[in-house]
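The following paragraphs lead the reader through one protein model, from its overall arrangement to individual residues. Please keep the sequence and the structure in view while reading.

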Amino acid sequence: MNNIDKQKLINTILASSGGKLDKKSIEKAASGDASGILSSLNEEDRKKLSEALSDKEKAKQLLSSDAAKELLGRLFGK
């Protein structure tokens, strides 16, 4: 992904997060470290995400959604 596309994606995520995420956390997540994003979530959302990712079937459903595929494709340049 070129720098313009990556910056555009980061800006889109920032705008849609309603101020809950910062640019540094998003950039770290793009390189594989989601700790900043997880720590920015409230306890309920963090619990939901953790449960979804720890349950194989829920994780599969989440990652196979069109939105997740598009986001992952943009993050990893596919």
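**Confidence and overall arrangement**

Among the elements of the protein, helix α4 (residues 43–54) has the highest mean pLDDT, 81, and α1 the lowest, 75. The model is predicted, and these values express the predictor's confidence in each residue on a scale from 0 to 100. Across the protein the pLDDT averages 77, and 90% of the residues score at least 70.

The secondary structure consists of six helices and zero strands. Read from the N terminus, the order of elements is therefore α-α-α-α-α-α. Of the 78 residues in the protein, 17% are buried. The protein exposes about 5900 Å², and carbon and sulfur atoms supply 54% of that area. Among contacts with a separation of 6 or more, 27% join residues that are 24 or more positions apart.

**The nonpolar core and helix α2**

Which residues make up the largest nonpolar core? It has five residues in all, namely L9, I10, I13, L21 and I26. Helix α1 (residues 3–16) contributes the largest share of this core, three residues. In soluble globular proteins, nonpolar side chains tend to be buried together.

I26 is a useful residue from which to follow the packing. Leaving aside neighbours within four places in sequence, I26 is in contact with I10, I13 and L21, each of which also belongs to the largest nonpolar core. The contacts of I26 further include L14 and I37.

Helix α2 (residues 23–30) contains the buried residues S25, I26 and A30. Viewed down the axis of α2, the buried residues fall within an arc of 140 degrees, so they line one face of the helix. S25, located in helix α2, has a relative accessibility of 8% and counts as buried because this value is under 20%. Not counting residues up to four places away in sequence, S25 touches D33, G36 and I37. I37 is thus a contact of S25 and is also a contact of I26.

Both ends of α2 can be inspected. At its start, a side-chain oxygen of D22 reaches to within 3.2 Å of the backbone nitrogen of K24. After α2 comes G32, whose phi is positive, near 105 degrees.

**The loop between α3 and α4**

The loop between α3 (35–40) and α4 holds N42, and L41 is found in this loop as well. Is N42 buried, exposed or partly exposed? With a relative accessible area of 40%, N42 is partly exposed, because the value lies between the cut-offs of 20% and 50%. The side chain of N42 reaches the backbone nitrogen of E44 at 3.1 Å. N42 and K20 are 22 residues apart along the chain, and their C-alpha atoms are separated by 9.2 Å.

For L41, the C-alpha atom is 8.3 Å from that of L21, a residue 20 positions apart along the chain. L21 is itself a member of the largest nonpolar core. Apart from residues up to four places away in sequence, L41 touches R46 and L49.

**Helix α5**

The last residue to examine is A59, which lies in helix α5 (residues 56–63). How does A59 qualify as buried? Its relative accessible area is 11%, and A59 is buried because that figure is under 20%. Leaving aside neighbours within four places in sequence, A59 is in contact with A52 and L53. Between A59 and L49, which are 10 residues apart in sequence, the C-alpha to C-alpha distance is 9.2 Å. L49 has already appeared as a residue touched by L41 of the loop between α3 and α4.

Terms used:
Residues numbered from 1 in each chain as written. Predicted model: local features only at pLDDT ≥ 70, side-chain atom pairs only at ≥ 80, totals over all residues. Heavy atoms only, no water. Helix = DSSP H or I, 4+ residues; strand = E, 2+ residues; numbered from the N terminus. Buried < 20%, exposed > 50% of the residue type's maximum accessible area, 1.4 Å probe, protein only. Contact = heavy atoms within 4.5 Å. Areas by Shrake-Rupley, 256 points an atom, 1.4 Å probe, with all protein chains shown as cover. Core = buried A, V, L, I, M, F, W, Y, C linked by side-chain atoms within 4.5 Å. Arc of directions from axis to C-beta. Polar contact = N/O pair within 3.5 Å; in protein donor to acceptor, adjacent residues only side chain to side chain.
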